[in-house]
Every structure is written in structure tokens, then in C-alpha cells.
Amino acid sequence: MKIAILSRNAKLYSTRRLIEAAEERGHEVRVIDALRCYMNISSNHPQVHYKGEVLDGFDAIIPRIGASITFYGTAVLRQFEMMGVYPLNESVAISRSRDKLRSLQLLSRRGVGLPVTGFAHSPDDVNDLLETVGGAPVVIKLLEGTQGVGVVLADTHSAAESVIQAFNGLKANILVQEFIKEARGADLRCFVIGGKVVASMKRQAKDGEFRSNLHQGGSASLVRITPEERATAVRAAKIMGLNVCGVDLLRSNHGPVVMEVNSSPGIEGIETATQKDIASQIIAFIEKNAKPHNTKTRGKG
């Protein structure tokens, strides 16, 4: 097959591993920077141009779209979908998962375990907002934050008020969530491919830190997950409509709760912790499912 990878940097571990895995299995691979693509939006003849040439003939496309370029990256992916190229994850599913509020609302509607969460822009009654999530300590998140950036733990009521007021000054949308103390600074990353958890790891925050993101200095180790945790991860992926994703769970006193569903999960941490060839499993999934026009939306949004 001829496979495109939407990535801004071919040297990144995840992109490099996908290239290696695809080529080892006999496929032709090309890395394409989404921001350097431009599109011809014409009736019944969608095209994507790149560095002066028309991109065509691809059987499948693997989107590795960073959070900062979600809007343009998904627009490019949608154009490929309209051309009949099979996407590993569809543009509408990526957009859905990148919107923290929308994803939480969709998961809550289906009864998936979540931390108690409040959403606000400029709350008139901060006390009431804090009470709705059980009071301090609380975790306050910028809606647009990624990789642990824009996430603050407020230990006291007054600290929470101060943080919320500061974010108000930035005219930012925020999520206020209960702090799952019993998780002890650890979360579970469940890597889902095609409706199955193929690998899982425990991410532990460094001393004095509550954010377990590897980008924030957290460490990763192999972990055995429970059937309930496995089922929760699979359900979350299905609700988001993602074929491949990382589902982040916390172990709370009331069962597993979903923190986030990541549509472009990094491969390095999970491969290192589990010693599993995740990249080859992703390519194998594409081999099994990539058929022309085999998307649910065909770019309809």
C-alpha cells in the first residue's frame, strides 16, 4: 500500500517507528507536513497540493496532528477523506476528542466514569462552582491546555478562587474537577487499537508533582489493568469514534474514571514500558481495514 503520515517532523520517535514498521511490511510511506498542504476546494474534485504537486494515489493516511494545529490539520485530513483515502482516525473523531468539554459531555451521556467536573468562563459565583465539584482540593484546567500545561492543583478554597479569578482575567474557558487523591499522582495509559486494549502502562508523577504526564517528568512502567478498566477504555474509544487512541484513566474509590482520550498518543513511552511493537500493530490494523472510501463520514463532518 501507499501510506501517508501527516506529521510535522519525520524524526519524532512515533513518526519514525511508524515509517519503519510500514516499510518492514512492504509498504511505501511518505511523511507530509499538514501545514504545508494547500487544498483545492472544487465541486466533485477535491485535491490536496504539497510543494507544487498534487497528492494522490494514497491508500491510507495516518494523522499525527499536534493539538496546536488541530483546526488546519483536520481540514487537510478531511480533504483526503473526501478523496477516498482511508484515515486511521477520522477527522470528525479527532476534532471531537480534542474538545475537552465536548468529549466529557459525550462520555458522561453514555455513563462512562468521570471525575466530577464543572465548566465555566466567567463564573459569578465561584463558591457555588467549587461546591458542585465537592470543594477544595480541586484541579483547574485550561480547556485548550495539553501535555499537563495549563493544569493547576488548588489545595484550598482561597487558592482555587485565586486561580479561577486569574484565568478569568485571561478570558479563558476552564474545567474545574475533583482531585482524585487516592490515585497518588498516578494514571493509567491504555493504548487502544481497533476496539482492543493492546498495551497499558502506569505513569507516575515525580515527587512533589501531581501531573503524571511524561512531558512533565513522570515515569512509565508496565501495569496489569482490571477487566473494568479495560472495558472503560474500550468504551471511551468507541464513543469518541477513534480506531487508535490512548485512554488515560485514574483509579478512584468509585472505580476507573476517564481523564482524557488522546487521538494522537505517543508511541515511545508505551513501547518502552511494555516492550511491545505498537507501531507494527497499527500498520496491521490499517492493512486489515484500509479500503477505498471506507470511512463513516467521507469528510461530511
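**Exercise 1.** List the residues in contact with Asp-248, leaving aside its neighbours within four places in sequence.

*Solution.* Apply the cut-off: contact means heavy atoms within 4.5 Å. Asp-248 then touches Asp-187, Leu-188, Arg-189, Arg-203, Val-257, Val-258, Met-259 and Glu-260. The model is predicted: local features need pLDDT of at least 70, side-chain atom pairs count only at pLDDT 80 or more, and totals for chains, interfaces and linings use all residues. Residues are numbered from 1 along each chain as its sequence is written, and side-chain values use heavy atoms, with hydrogens and water left out.

**Exercise 2.** Place Asp-248 in its strand and state whether Asp-248 is buried or exposed.

*Solution.* Asp-248 sits in strand β15, residues 244–252. Strands (E, at least two residues) are DSSP runs, numbered from the N terminus. Its relative accessibility is 3%, so Asp-248 counts as buried. The classes are: buried under 20% relative accessible area, exposed over 50%, partly exposed in between (1.4 Å probe, protein chains only). The side chains of Asp-248 and Arg-189 make a polar contact of 2.5 Å. Such a contact is a pair of N or O atoms within 3.5 Å; within protein, one must be able to donate a hydrogen and the other to accept it, and residues adjacent in sequence count only if both atoms are side-chain atoms.

**Exercise 3.** Describe Glu-260, which UniProt annotates together with Asp-248.

*Solution.* UniProt places the feature "binding site" at both positions; its annotations may be inferred rather than shown by experiment. Glu-260 belongs to strand β16, residues 255–262. At 34% relative accessibility, Glu-260 is partly exposed. Not counting residues up to four places away in sequence, Glu-260 touches Gly-246, Val-247 and Asp-248.

Note on methods: Helix = DSSP H or I, 4+ residues; strand = E, 2+ residues; numbered from the N terminus.
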